Each structure stands twice: as structure tokens, then as C-alpha cells.
Amino acid sequence: MSEQTDERQEDQAPQQKPGRPANRLKLAKLRDLALIPPIIALLIYGYTLKPDVFLTKSYLVDTVLKYQTELALVVLAEALVLIVGKFDLSLESIVGIAPAVAVFLAVGNTSMLGAPWPTWTVLPVALIFGALIGLFNGLLIVRFKLSAFIVTLAMLIALRGLQLAIVGGATISNLANRVPVIDNLGSLRILTIPLSIWIVVLVFGLGIVVLGYTRIGRSLYAVGGNPDAARAAGIRVERVIWVTLIVAAMLAAFAGLMLSARLGSVAAAQGQNMIFTVFAAAVIGGISLDGGKGSLFGALTGVVLLGLIQNVLTLAEVKPDQIQAVNGLVILVALVLARLTSGKAQD
Amino acid sequence: MDDEQTPVVEAVGVAKRYGPTVALADGRLSVLPGETHGLVGRNGAGKSTLVGVLTGLLKPDAGDVRFNGEPAPSLGDRAGWRRNVACVYQKPSVVGELSVAENLFLHRQPRGRFGLLSPSKLRRAASDLLEEWAVPVAPDVPAKELTVEQRQLVEIAGALSHGARFVILDEPTAQLEARAIARLFDRLATLREQGVTFLFISHHLPEVYEICQRVTVFRDARHVVTAPVAEMDTDALVAAMIGEARELVRLGEDRSPVPADAEPVLELENVAVQGIFEPVDLTVRRGEIVGVAGSAASGKRELAEAVVGLRSRTGTIRAAGRTVRPASVPDSLKAGIGYLPGDRNVDGFVSVLSVAENTTMTVADRLGPAGLVLPKHRDAKARKAIADLDVHTSGPDQLVGELSGGNAQKIVMARALASDPDVLVLVQPTAGVDVRSKESLLGAVDAETRRQRGALLVSDELEDLRVCDRVVVMVAGRVVAEHERGFAEAELVAEIEGIGDV
Ligand SMILES: Nc1ncnc2c1ncn2[C@@H]1O[C@H](COP(=O)(O)OP(=O)(O)OP(=O)(O)O)[C@@H](O)[C@H]1O
Ligand SMILES: [Mg+2]
């Protein structure tokens, strides 16, 4: 008994000294960093594979990160939707359809709706088109209370079909030097770093501030964690969900433009199957599928980790016909690792 | 009691910590066959943690549990535990989407032909069970549609129907009204005569005296004393719980009468919710606490929900002179109405968010410039609430889902107070709160209203109603009576209970 007495005083200490920073905070921050050790391990492993190139800036920037920028934006979009307690599978089809529509109206072989439209319309049209899809999803999910999973699944299928119709099974190619936004997104560099990377850094920075330190951002967590409690606390639950769906769709549309810019074309299958990787990155990064939990920084580390894995696999000369199977396995391992290092259940 | 008897359950040296929090340091308990054993202690003393260990749901860090002298089954052996102990947990444990019948016979559904489940047998077994327990619920209703009272009755009936001879009840009465409690106690007495043993947890000490033979007190995660109730009067029991000898204050005794010409802060004119309650006129003046008493079916809770904008309603509501838009919580907040919901587990808090986040949820716009939320401000507000309401937590960053029931309730109160409202609408504010904390919660209401706020206190607990300056009684959707402070309690109870007969 007597030896346990100190323990009991320890237990009460936090109450008596309200000024003491709680351990919890540090712990929560630590969980955000759970993927840093595996990322470092991968960097080291990559270095042992190709010591001369791997850790150079040009390799990391132009071979690893540049290819993750679109994925990163879509993961951010999906993370927002997951945190607010919903699902959006249609994001991957927006990645394809939004640039397809915008580019088609500007330089496509059509006279529909008074096309060709001026090329400056590509960016706003893509964003507005994305927003409209988000708005419509919101209408069905929020107003008519349909299941987000099914609504966005149907939307995914419908938009895929629409894209095939527009692009006609082929590819709108040779965009270089025809659409300024596409040129800039594709090749402009600031301080030798591609614009797309800057954009991702900026958007994530903004997202982290908004989610962590603004009223609307925090309300996403409240709504995702317990919509009834959020409503009783005066949060306009429906509006928060709706706005989140629209913002996510716009982010996906922008990611689509970046992808088209990098490839110099809009393929009929642009964005296809991306959603699986998006969910994998988000969950590995600590976003809960149940809503209310997770951070954008965590999601970003999830993206980086997956990107590194892919590159390291290529460097390790895994055969192309095996790479997908190996990739799937590695994602499972990454999930297990993330579970072990963060110590919390993934749901 | 006969010391030779083998205890039905015996726990020694049970310890459990969660990270830095010591939930239980020295849990000890010994319950003799046939007795009803009380377990009391302040919020966060470790009672529910011990229950978790006794029912095999929590793995203790240390300690030993024995049933009838035999070592407890291994943690994986659920059937083994169920044979020894049944439990009604503090948090609801029904599956909302399943019907009452399916909940009652979860994983032990009666089988029919070919070994397949038989829906008709299930229905019949469930209605028999519900009838036996006089639970006025149809077996086909989805569990999520039950009221708190019905849900608890279903859980209690379910737990008892497992046939275990030892039943744990973790705060079964916290959200039941007087009649239901009386009914429950009758059942318990009958069962006790048949040799069933109970462990009964409650913050209502009179209940402990009414039905328990012996009582165990926990304080600060450890066992303090076990004694026959006859040898411990309320003062001694309270002293053991709070660790110092100090009499409980009788709250509200010294409230001065509110002047008749005091400015109204909340005015209800012809406010009605269709099918629930008929037009109500009610005025709360500055400095006044108006109680609304009534049973679960009286519509009192719905009245509160209509006032705060959670229900659509007809009629006019003015807060501090400003007309409030119907069915808009943000507008009611803006008009200066603060709200504490009646069932914290439903819409009281977000369990995956921190104490700080939950307490400031209603005032997220006041935590920094331009819609920014500065964690420093947020934590400061939370620390103040923690200190004011005496919340047992490791700090503003602890998740509310990890708090004990009563401490979570205090967080919900803090949330209601955070917006600095002109008028507080409180529904069952002290549910599951320990004696001392009840004092501090009601004390807060008392003090806040003296500072020129008003409060509408919806409750069926006499202790809550005692602080009110005025109490109106609702029966079946109508206001039937009004009393000034100092009302005769028996009369009030009779009026509240008149309901079932209407
Ligand atoms: N999952 C958890 N994680 C962290 N701390 C926890 C967890 N569960 C309980 N605790 C802490 O353990 C302590 C004891 O909690 P417990 O639920 O046993 O209290 P209690 O005596 O039942 O209180 P109440 O009367 O309010 O129900 C509390 O301080 C609580 O915050
Ligand atoms: Mg408890």
C-alpha cells in the first residue's frame, strides 16, 4: 500500500497544476509522426540500392515527388470527406472528367456550347465543373439522405461513361503550347522546384491551418465524430458536409488539371483506379474511415510513403508483372507498421 | 453477515492504468451470496473500471478475481464469464439497428426447424420476457427508437434473463424516473429472495440505503471501506467518498426571491410541437431558475429541444427580447440560449475529440481573431472549466470518450456555459454525477443565475428541482401545475406520477 501512495499523488497532479502541458498533446503529435521512421528507412534502403542518384535533389523531386502531386491533392480531398464522416469514391472520376470537359471546350474538335472557348477558361471551367459535381453529390447525400458510398459510386460510373463519350475512347493529346494553364502547371519551375510541388505544399499548409486552427475546420471533426452532438452545439451539420464535398471535388478537379499538364494530354482513363491508392494513403496516414479522426499531415506522410515504396520497388528491379502484387503486399505491411507505430486502431 | 460464506465474487488488488491515468490502483471487493452490495464513489473513482474487470471485458494490469472461490475464466471464455456474472453497463449496450427481440437474444436466438433461427419463436420468447419484466415495449421495435428509459429496461431484462446468479447494475437508475426505479427495486427485491446477488452502483445514496445490505466505497482509484449500511450513516458514507468530513450544502436555500418586475430573459408564447405537447406559455425572468418536471412521456424534454431549436415548433420564443427563429440551433445560440442535452451519450459530446475541443464547441468563433481557433485560448478556457466544475481528467487534451460517465457530463455542462448565455436550458443536468459534483454543477447553475442569467431546468430529480425558484409540472403534453419554491415534495411527485393514468 505505502509504495503506491506516490503513484496516487502523481495521478492527481494534473488536476492541481493546470499549467502543466499534458503528455497527451505530445503523444498526439507523435502519432502524426508515426510514418517518419518507415520513410527514413525507405530513404536509406533506396540509397543503398542506388547510392549515386537516390538522395540527390533531382531524383527525389523529379522522379519521386513530382509523380505524387496529383495523388497528394486527391488524398487531401478524400481526407476532408472522411474526417467529416462521409465517403467520396467519385473523386477519381473527377480527376478525369473535369480537365476533359474544360480542355475539350477550349481546344476540342467541337462547336458545342459555342466552343472553342478561350483557353483561359480551362482552369475556371474545370474547377466549376468539379464544384457542380460536389454540389450534386451533396444534394443527394445531405438533402435526400442517400448513402454517400453508393451515391458517389454511381457518380463514379456515370462520369467515367461521360468521359469516354467526350474523349471518344482516344486521348486529347498534344496540349503543349496550346493552353497556358496546362503549360505552367506542367513545366513552370520556381526556384528550380516544379510549380505542382509548390502548389501541393501550399494547399497542404493551408489545409493544416484551416483544419487545425479555424472554426470551420474544427467543425469538420465534430460533425464526423458525432453529428448529433455537433448539431446540439449549434454547428450547421448539413452545410459543413455539403461544403466539404464541394471543396473536395474542386481539389480533385485541380489535381486532374495537374495530371493532364504533366502528361500533356487527357486520356480516356485518366484517374482510373486512383481511388484505391487514395484510400490506402489516407488510412496508412491515420485518417479514420469512421470519421472525426486523423490529420492532413499524417495523410501527407501516407502519400510520401506510398510514393517511395513504388520507386524503391522499381529501383529494386521488381519485374513489372509482379510489381502490382508486391505493391499490394507492401501496402498491407505499411498498414500493419502504421498500426504498430501509432498504437491506435484503424477503423 | 456470516464470514464463513464463500463470496460470490471476490476481487483483490485489481489495478488498471491507461497511459498516465490510474483508473484503478487497488480495487478490492467481496460480495456475499444473496446480498445486494452497493458500490459508491466519486466520478472517476474507478467503479466502472472494476465492473469491466469483473465482467471479463477489461484485462487488469494486476490483481485477482474469483467467482465462488474458483479462479475467473480466461478472458477469451465469454460463455464462462456469462455463466458467472451478468451486467447492465453504464453506457448503452444495445445494437441500435436490431429489434428489441434480437437484442435480447443476441447470439442465443431460439432455433426452429433444421436448426435455423425461428423469427416467430424469437418474437414469442421476447414478448414473454418483456411481459415478465413489465417492460412496455414491443419486441419488433428497433432498439434505436427506444427512449432512454425503455432502453435501460430492455437491457436490464436482457441481463437478468441470462440466468446468472450474480448481476451487476452500473448506475441503472441514473436516467430512470421515480416510477421505473420503484418498479426496478421491486424486481430486485423479489430476485434477492430467490437468492440472486447484486452489485449495485449509484450516485443516489438513498437508493443504496433502500436496497443494499452492505456497501463498498472507492476513492481515488482504491478501496476505502466496506461496511453494512446499517453501520454507516449518510454523513459517514459521504465523508468516505470525498475524503473529508464536510456536510453537503443544501443548495438554493438562500436564494432570494426574484422580483416580479424582473426583466424576462426567455418568453414562450403558445409554443407547441405537434403531437407532443400543447401550446405552452412560460416566462423565465433574469435571475430565475424555472424547473420543468414531468415523466419521460410528459413532453418536457421535447419542450427543451423546441426552445433550443432542435425541433420544429409553432408559437413565439423570445430570448432577451429577441425573437428566435424556429428550428435553428445557431440562431438560438446567437440569441443567448445555452443548452445541455438530456442524454450525453447521444448528443452531448464527441467522444473522439478532446475535452478542450468539446467544451469550446459552441464558442469556436470566440477563440481567436477572424475565425481562427488558437489552441492556447481554447486550452485556457478548458482549464478554467475543468477547475470550475471539478472535472477529473488528465488535461484539456484527453479525449472525452475516455472520461468516466459523470466527468463527461460535466464537460457537457461546461459546453453549455461556455457561450456565456442569457438563459440556460438544462435537461437532466446531474444524471450520473456524484454527490459532491452535483453540488458543484447545481451550484454553478445557482451562481450563474444569480449573475443575472435565467435557467430552464428540465428534470424529474427532486434534488435538481429544489434549487428552482418555480417549478411547472407537465403531464402528457400539458402544463398541469405550478409551484413556488418550498413546494411539498410528495405533492410534486404525485403530480409527476399522475401521468401513467392519463
Ligand atoms: N479508455 C480509457 N482511457 C483513458 N482513461 C480512462 C479510460 N477509461 C477510464 N479512464 C479513466 O479512469 C478513471 C476511472 O474511470 P471509471 O469509469 O472507472 O470511473 P467511475 O467510478 O465509473 O465514474 P462515474 O461515476 O463517473 O461513472 C477516470 O479518471 C477515467 O478518466
Ligand atoms: Mg462509471
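Which residue is the bridge partner of V9(B) in β4(B)? The answer is F67(B). That pair is a handy way into this structure, which is a predicted model.

## Strands around β4 of chain B

Let's stay with that pair for a moment. Strand β1 of chain B covers residues 9-18, and strand β4 of the same chain covers residues 62-67. The two run antiparallel and are joined by 5 bridges. In general, strands of a sheet pair through backbone hydrogen bonds, and they can do it parallel or antiparallel.

β4(B) also pairs with β5(B), a strand made of residues 70-71. This pairing is antiparallel too, with 2 bridges, and here R66(B) sits opposite P71(B). Together β4(B) and β5(B) make a hairpin, with 2 residues between the strands. Look at N68(B) in the turn: its phi is positive, at about 50 degrees.

## An open sheet further along chain B

Chain B also has an open sheet of 4 strands, and its order reads β12-β11-β14-β15 with antiparallel pairing. β12 (277-285) and β15 are the edge strands, each with a single partner, so each has one side with no neighbour in the sheet.

At the β15 end, the partner is β14(B), residues 314-319, and the two are held in antiparallel pairing by 2 bridges. If you want to find the spot by eye, look for R318(B), whose bridge partner in β15(B) is T323(B).

## A positive patch across two chains

Just past β15 comes a loop that leads to α10 (329-334) of chain B, and R325(B) is in that loop. R325(B) is one of the residues in a positive surface patch, alongside R236(A), R239(A) and K334(B). So how does R325(B) qualify? Patch residues need over 30% relative accessible area, and R325(B) has 47%, which makes it partly exposed.

## Salt bridges

Side chains of opposite charge can pair when their charged atoms come close. Over all chains, the count here is 33 salt bridges.

In chain A, have a look at E70(A) and R262(A), which meet with N and O 2.9 Å apart. E70(A) is in helix α5 (residues 69-83) and R262(A) is in helix α13 (residues 237-263), so this pair links distant parts of the chain, 192 residues apart. The two ends have their own settings: E70(A) is buried at 3% relative accessible area, while R262(A) is partly exposed at 24%.

Over in chain B, D140(B) and R123(B) form a salt bridge with an N to O distance of 2.4 Å. R123(B) belongs to helix α4, while D140(B) is in the loop between α4 (119-132) and α5 (148-160), so the bridge ties together parts 17 residues apart in sequence. D140(B) is partly exposed at 44%, and R123(B) is partly exposed as well, at 39%.

## A buried pair and a network

Which kind of place do R378(B) and E357(B) have, buried or exposed? Both are buried. Their salt bridge has its closest N and O atoms 3.3 Å apart. R378(B) comes from helix α13 (residues 375-389) of chain B and E357(B) from helix α12 (residues 355-359), 21 residues apart, and the pair links distant parts of the chain.

Finally, some salt bridges in chain B share partners, and in this way R285(B), E288(B), R470(B) and E482(B) are joined into one network.

Methods:
Residues numbered from 1 in each chain as written. Chains lettered and ligands numbered in written order. Predicted model: local features only at pLDDT ≥ 70, side-chain atom pairs only at ≥ 80, totals over all residues. Heavy atoms only, no water. Patch = residues over 30% accessible without salt bridge, like charges linked within 9 Å, V, L, I, M, F, W, Y side chains within 5 Å. Areas by Shrake-Rupley, 256 points an atom, 1.4 Å probe, with all protein chains shown as cover. Salt bridge = Lys/Arg side-chain N within 4 Å of Asp/Glu carboxyl O. Lys, Arg positive; Asp, Glu negative; His and termini not counted. Charge placed at Lys NZ, Arg CZ, Asp CG, Glu CD. Buried < 20%, exposed > 50% of the residue type's maximum accessible area, 1.4 Å probe, protein only. Pairing = 2+ DSSP bridges.
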